Amino acid sequence: MKVFAILAATLLTLCSAQHDPYNQVVYNVLDDSGQTCATFTLAAQFTVTYQTNNPETGAVNVEINLPPIPNPSSNGTTGDLGSSECPSNATGESMSVLRATFSNGQMFTMVVGEPNATVQVEPANWEVTEIAFTYNLADEYYFPDSNSTDSYTALVSDPATIGIQASNGQLFQCNAQTTQELPTEGGPQVEFKYKDLLLNPYNSTTGTTVPCAADSTSSNKTVPIAVGVSLGALLILVVIAYLIGRRMRKGAGYQKV
């Protein structure tokens, strides 16, 4: 019984270690009357490599999770969506802009607008045209012992690379994890990782949702992976039961002698 308990605890630990370290947040952009004009929902994490003052430490990676806003962060500062922009109408002809600022000088920007007919992947009425992350190396909360106090903006402004688009009245959803590199001119590069994405940049009430291609791929892989894990766990249990039974039979033989 102790062997089975240890095995169960080990499997639980392995499963727990696979949980992602960042959580979904919901950002509601408000108009002048306080009504929601756009909703951006996602879990996002930015990985920045920066140089420290310690030559032995050198370069280190810091993972910055997109926090809930408004909500005080653990370093005592409050995030803000005040510089976000509501669309002037319910189509991609007008821009919907999310600007989420937090901590001391960090800002996540997502711009939604009308597709460029020369670069769009498929016919659509709106698409994400820019994703940017501004980071301040003077913020000791995220960048302790940094050898720089400069601010940089990492961004991608190629809609075809971003790949987020839909028609008027539709929402875009992507639960699968997606990773993109955000180039930074003159500063450390940034890796942008997101999942559980649901964009409603024009406050549509139809509920029609366009899924990303990655969701179809990941859902097709879920069943085989689950079956493989189950069979692997079953095989381990069978082997352990066999070894325990064999040992007990040997012990019984010694007692008879």
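Visitor: How do you know that strand 6 and strand 7 pair, and in which sense do they do so?

Guide: In this predicted model, strand 6 and strand 7 (residues 151-156) are joined over 6 bridges in the antiparallel sense, and because two strands count as paired once at least two bridges are found between them, the 6 bridges meet that requirement. One place to look is Y135, whose bridge partner in strand 7 is Y152.

Visitor: What makes strand 6 and strand 8 count as a pair?

Guide: Strand 8, which covers residues 165-166, is linked to strand 6 over 2 bridges, again in the antiparallel sense, and since the definition asks for at least two, those 2 bridges satisfy it. Here W126 stands opposite A166 in strand 8.

Visitor: How many bridges join strand 5 and strand 6?

Guide: Strand 5, residues 106-113, pairs with strand 6 over 7 bridges, in the antiparallel sense, and V111 stands opposite E130 in strand 6.

Visitor: Why is strand 6 called mostly covered?

Guide: A residue is called buried when its relative accessible area is under 20%, and in strand 6, which runs over residues 126-136, 10 of the 11 residues are buried.

Visitor: Why is V239 called partly exposed?

Guide: V239, found in helix 3 (residues 213-256), has a relative accessibility of 40%, and because partly exposed lies between the 20% limit for buried and the 50% limit for exposed, V239 counts as partly exposed.

Visitor: Which residues make the nonpolar surface patch that includes V239?

Guide: The patch, of about 400 Å², is made by L235, V239, Y242 and L243.

Technical notes. Residues numbered from 1 in each chain as written. Predicted model: local features only at pLDDT ≥ 70, side-chain atom pairs only at ≥ 80, totals over all residues. Heavy atoms only, no water. Buried < 20%, exposed > 50% of the residue type's maximum accessible area, 1.4 Å probe, protein only. Helix = DSSP H or I, 4+ residues; strand = E, 2+ residues; numbered from the N terminus. Patch = residues over 30% accessible without salt bridge, like charges linked within 9 Å, V, L, I, M, F, W, Y side chains within 5 Å. Areas by Shrake-Rupley, 256 points an atom, 1.4 Å probe, with all protein chains shown as cover. Salt bridge = Lys/Arg side-chain N within 4 Å of Asp/Glu carboxyl O.
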